[in-house]
Amino acid sequence: PTGSGKTTTLYAALSRINTPDLNILTAEDPVEYQLQGIGQTPVNAKIGLTFASALRSFLRQDPDVIMVGEIRDLETAEIAIQASLTGHLVFSTVHTNDAPGAITRLVDMGVEPFLVASSLVGILAQRLVRQVCPTCRVAYEPSEEEMGEIGFTLRELHATGTRHIYKADEGCELCEQTGYKGRTAIYELMHIDDEVRQLILKNVDSNTIKKKAMEHGMRTLIQDGARKVAQGLTTTSEVLWVAQQDVG
């Protein structure tokens, strides 16, 4: 969803791989940060400069890496996928509720499942949660029921080396009486391995893909949130409110 930190994550990924010998080009709406050594293009539909037309132009400039701010339509999706199939590393975003949902979204746009299966390397879903204030947070021992709401058990909590988690207090000067200070992300990273590719080719639903990915070690948004709770970074109520999904 909007405001989940997608652009920041994209920029962080590009900055991580950026070297003088890589030709990195981006099409964005708008350009939010200037990245040194990267060719950034703001799209402008009023003059016909769309994500799709920018992508076509990029492919004539021998890029190594392409970033498309958002895949909104079939034309953009098809060009991005063709770019990836011809040896380019492509980053982009789509609006979905979770990582497997991105596959369904692309297929619903009209992309053939075999193209999706052939081109995808990984999908990252994320949300931002507020961090509980480190100065005024209150430690307490949670119940099994409370931890169960975020897909965690007391045994798993104790295995992390603590018996306590934290809740927000009435606040202090540091957090301006809110009980929270700053934000952090919770993630759901799905690697596209051979078994997941086979499911994509069969055009199965996203829940089936999600179950297979979890069997192979994928941590869901709410599971990653539970680990952030165990680390003392946020609260169970914050994770439940942001993740907006049922456990299991």
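Residues are called buried under 20% relative accessible area, exposed over 50%, and partly exposed in between (1.4 Å probe, protein chains only). By this scale K212 is partly exposed, with a relative accessible area of 22%, whereas E215 is exposed at 58%. The structure is a predicted model, in which local features need pLDDT of at least 70 and side-chain atom pairs count only at pLDDT 80 or more, while totals for chains, interfaces and linings use all residues. Residues are numbered from 1 along each chain as its sequence is written, and side-chain values use heavy atoms, with hydrogens and water left out.

The protein chain has eleven helices and eight strands; these are DSSP runs numbered from the N terminus, helices being H or I with at least four residues and strands E with at least two. Its C-alpha trace spans about 60 × 45 × 35 Å along the principal axes. Of the 248 residues in the chain, 42% are buried. The chain exposes about 13,300 Å², and carbon and sulfur atoms supply 48% of this area (Shrake-Rupley method, 1.4 Å probe; for residues, only the protein chains shown count as cover). Where contacts (heavy atoms within 4.5 Å) join residues at least 6 apart in sequence, 66% of them join residues at least 24 apart.

Helix α4 (residues 101-109) offers a good view of the interior: its buried residues are G101, A102, I103, L106, V107 and M109. Their cover includes helices α3, α5, α8 and α9 as well as strands β5 and β8. After α4 comes G110, with a positive phi near 120°.

Turning to charged pairs, the model holds ten salt bridges, each defined by a side-chain nitrogen of Lys or Arg within 4 Å of a carboxyl oxygen of Asp or Glu. One of these joins R72 to D29, with the closest N and O atoms 3.1 Å apart. R72 lies in the loop between β3 and α3 and D29 in the loop between β1 and β2, so this bridge ties together parts that are 43 residues apart in sequence. R72 also meets E70 in a salt bridge at 3.3 Å, N to O, and D29, E70 and R72 are thus linked in a network. Within this network E70 is buried, at 18% relative accessible area, while R72 is partly exposed at 43% and D29 is partly exposed at 40%. The residues introduced at the outset, E215 and K212, form a salt bridge as well (3.2 Å, N to O); both lie in helix α9, three residues apart, about one turn of the helix.

Aromatic rings come next. Rings of Phe, Tyr and Trp (its six-membered ring) pair if their centres lie within 6.5 Å, with planes under 30 degrees apart counted as stacked, over 60 as edge-to-face and the rest as tilted. The count comes to one aromatic pair. The centres of Y11 and Y33 are 5.1 Å apart and their planes stand at 70°, so the pair is edge-to-face. It links Y11 in helix α1 with Y33 in the loop between β1 and β2, 22 residues apart. Y11 is buried, at 4% relative accessible area, but Y33 is partly exposed at 42%.
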